[in-house]
Amino acid sequence: MINKKLAAWVEEMRALCTPDRVHWCDGSKAEYDRLADETVAVGAANRLDPERWPHCLLFRSDPSDVARVEERTFICSKTREDAGPSNNWMDPDEMKTLMRKSYRGCMKGRTLYVIPYSMGPIGSPIANIGVEITDSPYVVVNMHVMTRVGTKVLEALGEDGEFVRAMHSVGAPLAPGQKDSSWPCNPDIQQKFITHFPDTREIWSYGSGYGGNALLGKKCHALRIASVQARDEGWLAEHMLIIKLTNPAGKSIYVAAAFPSQCGKTNFAMMEPTLPGWKVETIGDDICWMKPGPDGRWRAINPEAGFFGVAPGTSMKSNPNAVRTVQRNTIFTNCVLTPDQGVWWEDMTDAPPSKGVDWQGNEWTPASGKKGAHPNARFTAPASQCPVIAPEWEDPAGVPISAILFGGRRASVVPLVTEAFNWQHGIFLGSIMGSEMTAAAFGTVGTLRRDPMAMLPFCGYHMGDYLAHWLRAGQMTSPDKLPRFYYVNWFRKSADGKWLWPGFGENSRVLKWIFERLEGRSEATRTPIGQVPAAGTLDLSGLDLDPENQTELLSVDRAAWLAEIADIRRYYAKFGGHLPRELAEELDAMERRLKEKSP
Ligand code: SAT
Ligand code: MN
């Protein structure tokens, strides 16, 4: 028996969008293969060399449709107040009226696909079901990889189960006989809408076929809607990777980490530690859902089933395990097509191919000086193919989290690693984290964008209330069961502009210190901003680090921190009455400590 609310909703959307056909996805391999073949047959995708890149596809998007569009992303809660200062808002009824006009007849000439999906292992107490309606076969094949899709989800949903309604159209109806474009979308940015109705757990997306705009299980459901569900139900939906860290004695802990974009999150999640005997395994690279478990510890799952990673920059040097993951059964978007029917992107190899077809479909050579792959070119690959995926990555019970890392890209001020004094102080550190911009997309290069818990574009309600929810979460279990917080910064530079820290696999040295702190085996020094490694406790063996650099990496520059206080105050002021009093107090306390003569 099909879920009654689902049947009614699909019928309502069918009547509105008037597709030529309706297809209910069963999630089978046969379904994936058939849709892949169809996209190749109509010229929307290239099939790569089956010997070298088995079962891989390459899509090229419309030049207007290459990334998430934050300016067209809306949180339509009942009140503007609830959406908060960091989200675009419109009244939900007004938005629906507006969008119904766009949706009317928008699937003419196309198939309406119904994709029942589960975020998280089916049946896990932490998982959540959604159903995406879409007219894009690209979305269907990507959802097959990124989530658990099909009949088994309908069975878990049952006749009366609740689900997130995720509505999507590329917004490009076809007139009879009209030839389809290879990447249908609405090229007018003002016509694109990525809209969320948190109160009714709905997503309405229109006009874009790319990534988080269209694969609605990811940022729209697993973060924006789920953050509201988590607030209402007492759990956490976070923009965090999850790793398993094992020491040479074979003891393991689980660590979650929030980094804003362009901080090497996927690289960190698949890291090859340089410290002998230490092992990092992947549970997830982007999203983490956590609930208090029966033992009182916070248990985490990766709600996704695949990686939607940025291709450019991914190489055997920066992330060998990602390179190994994407060798088969992978969907590439906006990469270079090489003459031997392979893919390439900037910095994938030292020597580029002699020529190829660029992401816009034009003949390309490296000598042209133009980028062959779009900077936001992507791979969509099954997580199960990652050589260092942890065996328990699909455990429905989740894994117990011992430590939570926050980090950003800071050339100065922030030390390599700082341990929070306690839960509240950890939330404070998470609330002030931020990154200096590397691309001009969100502001001027070099300016600091504060991004609390890396959730700024992904929180489905008021950011001040979100921070209050984190504070409440600290009361949900006994204090000794709570994870500890660490603020890390791999990107500190010396006065003459050189990196102080090598990063990548060497970050395992910081993980080792954290591991030993949790075991009570490593010393820390109290500073006004938190606890930093005591002299000699960070394992730097075999690393050729200038002793001056070592000191600078962990130093707390009081003047620089004091100079930031005013900036943090200004930024906190945006939260108005929603800023938790505890965080304002933490800021005052930090200022006092910084002004004291000694720590
Ligand atoms: O396009 S996604 O939202 O899936 C990825 C990202 O922007 O971080
Ligand atoms: Mn992300």
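Is Asp347 buried or exposed? Asp347 is exposed, with a relative accessible area of 58%. The legends below start with the whole chain and then visit chosen sites of this predicted model.

**Figure 1. The whole chain, a fold of helices and strands.** Welcome to the overview. The chain holds 16 helices and 30 strands. Its C-alpha trace spans about 80 × 55 × 45 Å along the principal axes. For 599 residues, a compact globule would have a radius of gyration near 25 Å, and the 24 Å of the chain agrees with that. Of these 599 residues, 61% count as buried. Among contacts with a separation of 6 or more, 74% join residues that are 24 or more positions apart.

**Figure 2. The surface and charges of the chain.** The accessible surface comes to about 22,700 Å². Carbon and sulfur atoms account for 52% of that surface. The chain carries 67 positive and 71 negative charges. The mean positions of the two sets of charges are 1 Å apart.

**Figure 3. The manganese ion (ligand 2) and its donor residues.** Here we look at the metal site. Which residues coordinate the manganese ion (ligand 2)? They are Lys219, through NZ, His239, through NE2, and Asp286, through OD, at 2.1 to 2.2 Å. In sequence, these donors follow the spacing K-x19-H-x46-D. The pair Lys219 and His239 links distant parts of the chain, 20 residues apart. Lys219 sits in helix α8 (residues 217–233), while His239 belongs to the loop between β11 (236–238) and β12 (241–246). Both Lys219 and His239 are buried.

**Figure 4. Asp232, another residue of helix α8.** Asp232 lies in helix α8, the helix that also holds Lys219. With a relative accessible area of 44%, Asp232 is partly exposed. To place it in the wider fold, look for Cys459: 227 residues separate the two along the chain, and their C-alpha atoms are 14 Å apart.

**Figure 5. Gln262, a loop residue with a positive phi.** Most residues other than glycine have a negative phi. Gln262 is a residue other than glycine with a positive value, near 65 degrees. You can find Gln262 in the loop between β13 (252–258) and α9 (265–269). Its relative accessible area of 46% makes Gln262 partly exposed.

**Figure 6. Asp347 and Pro352 in the loop between β20 and β21.** Let us return to the residue of the opening question. Asp347 is found in the loop between β20 (343–344) and β21 (356–357). Its phi is near 70 degrees, a positive value in a residue other than glycine. Asp347 counts as exposed because its relative accessible area of 58% is over 50%. Pro352 has its place in the loop between β20 and β21 too, and is partly exposed at 36% relative accessibility. Leaving out residues up to four places away in sequence, Pro352 touches Trp344 and Pro366. Pro352 and Gly372 are 20 residues apart in sequence, and their C-alpha atoms are 9.8 Å apart in space.

**Figure 7. Lys279 in strand β14 and the residues it touches.** This view turns to a strand. Lys279 lies in strand β14, which covers residues 279–284. At 43% relative accessibility, Lys279 counts as partly exposed. Which residues does Lys279 touch, not counting residues up to four places away in sequence? They are Lys244, Leu245, Thr246 and Pro273. Asn247 is 32 residues from Lys279 along the chain, with a C-alpha separation of 6.6 Å.

**Figure 8. Gln424 in helix α11 and its contacts.** The last stop is a helix. Gln424 is found in helix α11 (residues 423–432). Its relative accessibility is 28%, so Gln424 counts as partly exposed. Not counting residues up to four places away in sequence, Gln424 touches Leu471, Glu582, Leu583 and Glu586. Where does Glu516 stand relative to Gln424? The two are 92 residues apart in sequence and 22 Å apart in space, from C-alpha to C-alpha.

Definitions and conventions:
Residues numbered from 1 in each chain as written. Chains lettered and ligands numbered in written order. Predicted model: local features only at pLDDT ≥ 70, side-chain atom pairs only at ≥ 80, totals over all residues. Heavy atoms only, no water. Helix = DSSP H or I, 4+ residues; strand = E, 2+ residues; numbered from the N terminus. Rg over C-alpha atoms; globule rule 2.2 N^0.38 Å. Buried < 20%, exposed > 50% of the residue type's maximum accessible area, 1.4 Å probe, protein only. Contact = heavy atoms within 4.5 Å. Areas by Shrake-Rupley, 256 points an atom, 1.4 Å probe, with all protein chains shown as cover. Lys, Arg positive; Asp, Glu negative; His and termini not counted. Charge placed at Lys NZ, Arg CZ, Asp CG, Glu CD. Donors = N, O, S within 2.8 Å, 3.2 Å for Na, K, Ca; no water.
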